[in-house]
Structures are given as C-alpha cells and as structure tokens.
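Me: I am new to this structure and would love a close look at one part of it. Could you pick a helix and walk me through what its side chains do?

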Amino acid sequence: MASSSGNSSGSLQIQSSGSEESLMDQRKRKRMQSNRESARRSRMRKQTHLNDLTAQISQLKEENDQIHTNLSITSQQYLNVEAENSVLRAQVGELSQRLDALNDILNYLDASKGVFGGGILMQSLKAT
C-alpha cells in the first residue's frame with residue numbers, strides 16, 4: 001500500500017506542478033502581451049512626437065524664409081533711401097551756394113546803391 005499511496009501522491013504533485021507551470025506560462029504570456037502593447041504605445045508616441053517635430057521644422061523654415069525675404073526687401077529700401085538722401089544733400093548744397101550767390105548780388109547792389117545813389121536797377125526792383 002505504501003507504493004500505491006506513493007504513486008498517487010506523486011501523480012498529485014505532477015498534476016499540481018503541471019497546473020502551476022500552466023499558470024506561470026499563462027502569466028508569462030500575459031506579461032509578454034502587456035509588454036508588447038506598452039512597446040507599441042511607446043513607438044506610437046515616439047512617431048507622433050517625430051511627426052510634430054518635423055511639422056515644427058517645416059514651419060520654422062517657412063518663417064525663416066519669410067524673415068530673409070523681409071530683410072532683403074528692407075535692406076533694398078534702406079539703400080534706396082540712402083541714395084535719395086545723397087541726392088537731396090547734393091541738391092541742398094547746390095541750392096545753398098546759389099542762395100549765397102544771390103545774397104552776394106543783393107548785398108553788392110545794396111552797397112552800390114549808396115555809391116551810385118540808387119540806380120535804375122534798384123528803382124525797377126522796388127517797383128516790382
């Protein structure tokens with residue numbers, strides 16, 4: 001009887017050990033599946049982040065191009081204004097010289113009025 005009870009006890013251990021392994025395998029498969037899902041979600045988040053960064057790069061490149069265009073336009077306008085200012089400065093200098101020359105003529109005429117007693121030229125200027 002000892003041998004028969006030993007056999008039945010051994011078979012219970014095998015059965016319980018088999019069900020424990022089955023339970024362990026089931027838990028292992030469940031954990032592996034959970035890890036796969038977690039990895040898949042992580043890859044999806046990473047891809048979404050990469051897509052967002054790529055879109056941001058495109059947007060920043062467009063903004064950079066627009067800034068370069070605006071800078072070029074502004075630089076050209078600055079050069080145009082500088083050229084126009086140079087022309088205007090030259091014209092101011094020329095007009096100042098002409099005004100000085102006309103003032104010299106008037107001063108000469110005023111001085112000669114005293115010498116010549118107010119000639120015909122001065123009388124005609126006063127009439128107008």
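Reply: Here is a friendly tour of one helix, starting with the whole chain. Please keep in mind that this is a predicted model. The protein has two helices and zero strands, and 3% of its 128 residues count as buried. Its accessible surface comes to about 11,500 Å², with 57% of that belonging to carbon and sulfur atoms.

Now to helix α1, which covers residues 2–116. Let us begin with a pair of charged residues. E37 and R40 both sit in helix α1, three residues apart, or about one turn of the helix. They form a salt bridge, with the closest N and O atoms 2.9 Å apart. The structure holds one salt bridge, so this pair is worth finding on your screen. Side chains of opposite charge can pair when their charged atoms come close. As for their surroundings, E37 counts as partly exposed at 30% relative accessibility, and R40 is partly exposed as well, with a relative accessible area of 34%.Further along helix α1 you will come to S112. Its relative accessible area is 14%; because that is under 20%, S112 counts as buried. A polar atom of the S112 side chain lies 3.0 Å from the backbone oxygen of L109.

Finally, a word on confidence. The pLDDT of the protein averages 85, and 74% of the residues score at least 70. Over residues 1–6, however, the pLDDT is below 50, and this stretch has zero contacts in the model beyond near neighbours in sequence.

Definitions and conventions
Residues are numbered from 1 along each chain as its sequence is written. This is a predicted model: local features need pLDDT of at least 70, side-chain atom pairs count only at pLDDT 80 or more; totals for chains, interfaces and linings use all residues. Side-chain values use heavy atoms; hydrogens and water are left out. Helices (H or I, at least four residues) and strands (E, at least two) are DSSP runs, numbered from the N terminus. Buried means under 20% relative accessible area, exposed over 50%, partly exposed in between (1.4 Å probe, protein chains only). Accessible areas come from the Shrake-Rupley method with a 1.4 Å probe; for residues, only the protein chains shown count as cover. A polar contact is a pair of N or O atoms within 3.5 Å; within protein, one must be able to donate a hydrogen and the other to accept it, and residues adjacent in sequence count only if both atoms are side-chain atoms. pLDDT is the predictor's confidence in each residue, from 0 to 100. Contact means heavy atoms within 4.5 Å. A salt bridge is a side-chain nitrogen of Lys or Arg within 4 Å of a carboxyl oxygen of Asp or Glu.
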